[in-house]
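User: I should like to learn how to read the features of a structural model, one at a time. Please give the general idea for each feature before turning to the case at hand.

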Amino acid sequence: MKLIKHTYLLLILLVTSIASAQVKFDAKVSKQKLGVNERLRIDFEMNQDGDNFNPPDFSNFNVVGGPNQSVSNSWINGVRSFKKTYSYFLAPKSRGNFTIAQATINIGGETYKTVPINIEVTAAVEVPKDPNNPDYIASEGIHLIAEISKTNPYLNEAITVVYKLYVSPNIAVDNWNEMDSPRYNDFWSQNIDTQGQKVQNGTFKGEDYRFLVLKKVVLYPQKTGKLEIEPLSLDIALRVPTNRRDIFGSVLMTRTNKVVSAGNNTITVKPLPEQGKPLDFSGAVGNFTFDVIPSKKELSASESLQLKVAVKGSGNLKLFKLPKVTLPSSLEVYEPEHKEEVNTTLAGMQGGISDSYTIVPQFKGKYPIPSISFSYFDLKTETYKRLSSEEIVLDVLDGPINNANANNGAVANNGKQPVVLNKDQFAYIKTSTNFESVHSTTFFKTTTFWSLLLLPFLAIPLAIVIRNKKATRDADVYGNKIRKADKLARKYLSSAKKSLGKKEAFYIALEKALHNYLKAKLHIETYELSKERIDTLLIEKQVDAGVVKDFFSILESCELARYTPIDIVTMQEDYEKAAKTISLIDKQAR
C-alpha cells in the first residue's frame with residue numbers, strides 16, 4: 001500500500017511540474033462586438049520569454065496605438081511567475097464580420113501560434129456621456145472647423161477656407177494624420193503655406209480654447225449654383241486627463257485617438273450679370289489696370305521691338321486670356337511670350353500677367369497700332385468696366401520703300417505682304433563659340449607625370465608619423481578604455497538618438513538599450529532583469545553606488561515618461577545622462 005501511495009504522489013508531482021512548465025501563448029481582446037466609432041484592444045500574452053514575435057495583418061483595422069510591451073516577473077514561495085504582453089489598439093475601417101489571424105512567436109526553438117478571433121463591427125454607437133471616458137472627453141474637447149470667408153460669391157470671385165483645430169486646455173495633442181483631404185471639385189484651388197504657425201488662444205462656443213491653423217486654401221468657383229466643399233478629416237493622437245493622480249498630486253493622462261472632421265459646407269455661386277456684359281469679355285473678375293507698351297517707337301527696318309500687353313491688379317489673373325494685338329500686314333509678328341508674376345495670398349491672386357510680342361518691320365514708313373481694349377467685372381461696384389490703350393504709331397526711319405508694285409504683288413499672293421530679306425535681317429542676334437586645339441599634348445614630362453612619380457616617396461614620412469601615433473595610442477591603456485566605453489554607449493543608444501522628439505518611441509528605445517546593455521555586460525537573461533539582481537551584480541563589479549542609483553533613475557524616467565508630458569529638452573537630458581552612465585559603468589566594472 002505504501003508503494004502505491006508513493007507512486008501516486010510521484011505521478012501527481014510529475015503532472016504538476018509538466019503543467020507548470022507548459023508554454024502558453026494566447027490572444028485576448030477587450031470586446032468581440034463594437035461600433036465602427038469605437039476602439040478595440042488586443043493583447044498577446046505568453047508565460048515564457050520568446051523571440052521573433054510576428055503580429056497578424058490587421059488589414060481590416062487601423063493601428064492607432066502600439067505595440068506596447070510589458071513584462072511581469074515575480075518569485076512567490078520559490079516559484080517563478082513570468083508574463084510578457086504585446087498590446088495593440090485598433091480602429092475598424094468599416095462595418096462587417098472580420099477575423100484577426102494568428103500571431104506567432106519562437107519560444108525555446110519552437111514556434112507557437114494564437115487562435116484566430118472573430119470580431120463583429122456594427123454601426124456607430126452613441127458615445128457615453130461619462131466624464132471619465134477618454135472618448136467622451138476627446139469628443140467634447142477637440143473640434144475641427146472650416147471657416148469660409150464668403151458663402152455667396154460671384155463666379156470666379158476668390159473665397160478662402162481656413163481650417164482651425166480647437167483643443168481644450170486640459171487635452172494634449174501628440175500627433176495627427178490627414179485621413180481624407182478635400183478635392184475641391186468645380187473650383188480652382190491654391191494652398192497657402194502654413195509652416196511656422198503657432199498655437200494661439202481663443203474661444204469656441206463661449207469657452208476658452210487653444211487653436212492652431214492647419215490649412216489655408218484660396219478657391220475660385222468655376223460653376224454657378226450650389227457647390228459642395230468636401231470635409232477635411234484628421235486622425236488625432238491625444239492625451240486626456242483621468243480621475244487618477246500620481247504620488248506628486250498631478251493628474252495622470254491616458255492616451256486615446258479621435259477622428260474629427262470639418263463637415264460638408266455648401267456655397268451658392270452667383271452668375272455674372274448679363275446686363276452690360278461686353279462682347280469681348282473673357283472672364284476677368286477683380287480690379288485691374290491695363291497697359292500696352294512698346295519698347296521703342298522709332299527704329300530702322302529689320303530691327304526688332306517688343307510690344308508688351310499687360311494686366312496688373314488683384315483677381316483671377318490666371319483664369320482669363322489677354323486681348324490679341326492686330327497689326328499691319330507689313331510688320332512681321334512672332335508668337336507672344338506669356339509671363340505670369342502672380343502671388344496668391346488669402347486675399348486671392350495679386351500681381352500681373354503679360355504677353356510680349358516681337359515685331360520686325362520690313363519697310364520704311366509709319367505704322368499705326370490701333371487701340372486695344374480689355375474688359376473685366378469689378379467686384380466693388382458689381383459692374384463691367386472697359387480699359388483701352390491709346391493708338392501707337394511706329395516710325396520706321398530707314399529701309400526699303402514699300403512701292404505700289406510690291407503692294408499689288410502682296411494682294412495677289414493671298415493678301416499677305418511678302419517678306420524682303422537683306423543682309424541685316426537678324427543683325428540683333430549675337431552668336432559666340434569656344435574653340436579647342438586639335439593637337440593633344442603628351443603626358444610624359446608634364447606636371448601631372450612628375451607629381452604621380454614623386455607622390456609615393458613623399459608618402460613614406462607620412463606613413464611613419466601615422467604608425468608612431470597609432471603605437472602611442474595603443475600604449476595608452478586607460479585612454480583606450482575610456483574610448484571603448486564611450487563607443488559602447490553610442491552603440492547601444494543609437495536607436496534612441498534617432499527617435500529624439502518622438503516621446504514614446506524614444507523612451508521605448510532608451511529602455512531597450514539599457515536592458516540590452518545590462519544583458520551583455522552582466523551576462524544575464526531577460527527574466528533576471530530585477531532591480532535587486534542588477535544592484536547586486538553591479539556592486540559586485542565594484543561600480544559606484546551613485547552610478548548605480550543614476551542608472552535606476554533613468555529606468556524610472558523611461559517608465560514615468562509614458563504617462564506624463566515630456567519636452568525634447570528633457571529627452572535630450574535623459575539621453576546624455578544614459579550615455580554618461582553606461583560609459584561610467586563600463587569604465588568602473590571589473
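Analyst: Burial is graded by relative accessible area: a residue is buried under 20%, exposed over 50% and partly exposed in between, with a 1.4 Å probe and protein chains only as cover. By that scale Lys385 is partly exposed, at 33%, whereas Asp378 is buried, at 4%. This is a predicted model, in which local features need pLDDT of at least 70 and side-chain atom pairs count only at pLDDT 80 or more, while totals for chains, interfaces and linings use all residues. Residues are numbered from 1 along each chain as its sequence is written, and side-chain values use heavy atoms, with hydrogens and water left out.

User: How should the confidence of the prediction be read, and which stretches have pLDDT below 50?

Analyst: pLDDT is the predictor's confidence in each residue, on a scale from 0 to 100. The protein chain has a mean of 81, and 83% of its residues reach 70 or more. Residues 13-20 fall below 50, and this stretch has zero contacts in the model beyond near neighbours in sequence; a contact means heavy atoms within 4.5 Å. Residues 404-418 also stay under 50, but there the model has 12 contacts beyond four places in sequence.

User: What do the chain totals say about burial and contacts?

Analyst: Of the 590 residues, 35% count as buried. Among contacts between residues at least 6 apart in sequence, 71% join residues at least 24 apart. The chain exposes about 36200 Å², and carbon and sulfur atoms supply 52% of that area; accessible areas come from the Shrake-Rupley method with a 1.4 Å probe, and for residues only the protein chains shown count as cover.

User: How many helices and strands are there, and how is strand pairing read?

Analyst: Helices (H or I, at least four residues) and strands (E, at least two) are DSSP runs numbered from the N terminus. The chain has 10 helices and 30 strands. Two strands pair if DSSP finds at least two bridges between them. Strand E23 (residues 305-315) is a useful case: its antiparallel pairing with strand E21 (residues 286-294) runs over nine bridges, and its antiparallel pairing with strand E26 (residues 348-361) over 10 bridges. On the E21 side, Pro294 stands opposite Leu307; on the E26 side, Val311 stands opposite Ile353.

User: Which strands form the open sheet with mixed pairing?

Analyst: Three strands make up that sheet, in the order E22-E30-E27. Strand E22 (298-299) and strand E27 (365-369) are the edge strands, each pairing on one side only. Between E27 and strand E30 (residues 392-396) the pairing is antiparallel, over five bridges, and Ile369 has Ile392 of E30 as its bridge partner.

User: How is a salt bridge defined, and what does one join in this sheet?

Analyst: A salt bridge is a side-chain nitrogen of Lys or Arg within 4 Å of a carboxyl oxygen of Asp or Glu. By this rule the count comes to 16. In the sheet, Asp395 and Lys366 form one, with their closest N and O atoms 3.1 Å apart. The pair links distant parts of the chain, 29 residues apart: Asp395 lies in E30 and Lys366 in E27. Asp395 is buried at 16% relative accessibility, while Lys366 is exposed at 58%.

User: Where do Lys164 and Glu147 lie?

Analyst: Their side chains meet in a salt bridge of 3.2 Å, N to O. Lys164 lies in strand E12 and Glu147 in strand E11, so the pair ties together parts 17 residues apart in sequence. Lys164 is buried, at 16%, and Glu147 is partly exposed, at 32%. Strands E11 (142-148) and E12 (159-167) are also among the elements that cover the buried residues of helix H2. Those buried residues of H2 (residues 134-141) are Tyr136, Ile137, Ala138 and Gly141.

User: Which residues make the nonpolar surface patch?

Analyst: Patches are made of residues with over 30% relative accessible area and no salt bridge; like charges are joined within 9 Å, and nonpolar side chains (Val, Leu, Ile, Met, Phe, Trp, Tyr) within 5 Å. Here Trp450, Leu453, Leu454, Phe457, Leu458, Ile460 and Ile464 make a patch of about 730 Å². Trp450 lies in helix H4 (residues 447-475) and is partly exposed, at 42%. An α-helix has 3.6 residues a turn, so residues three or four places apart point the same way.
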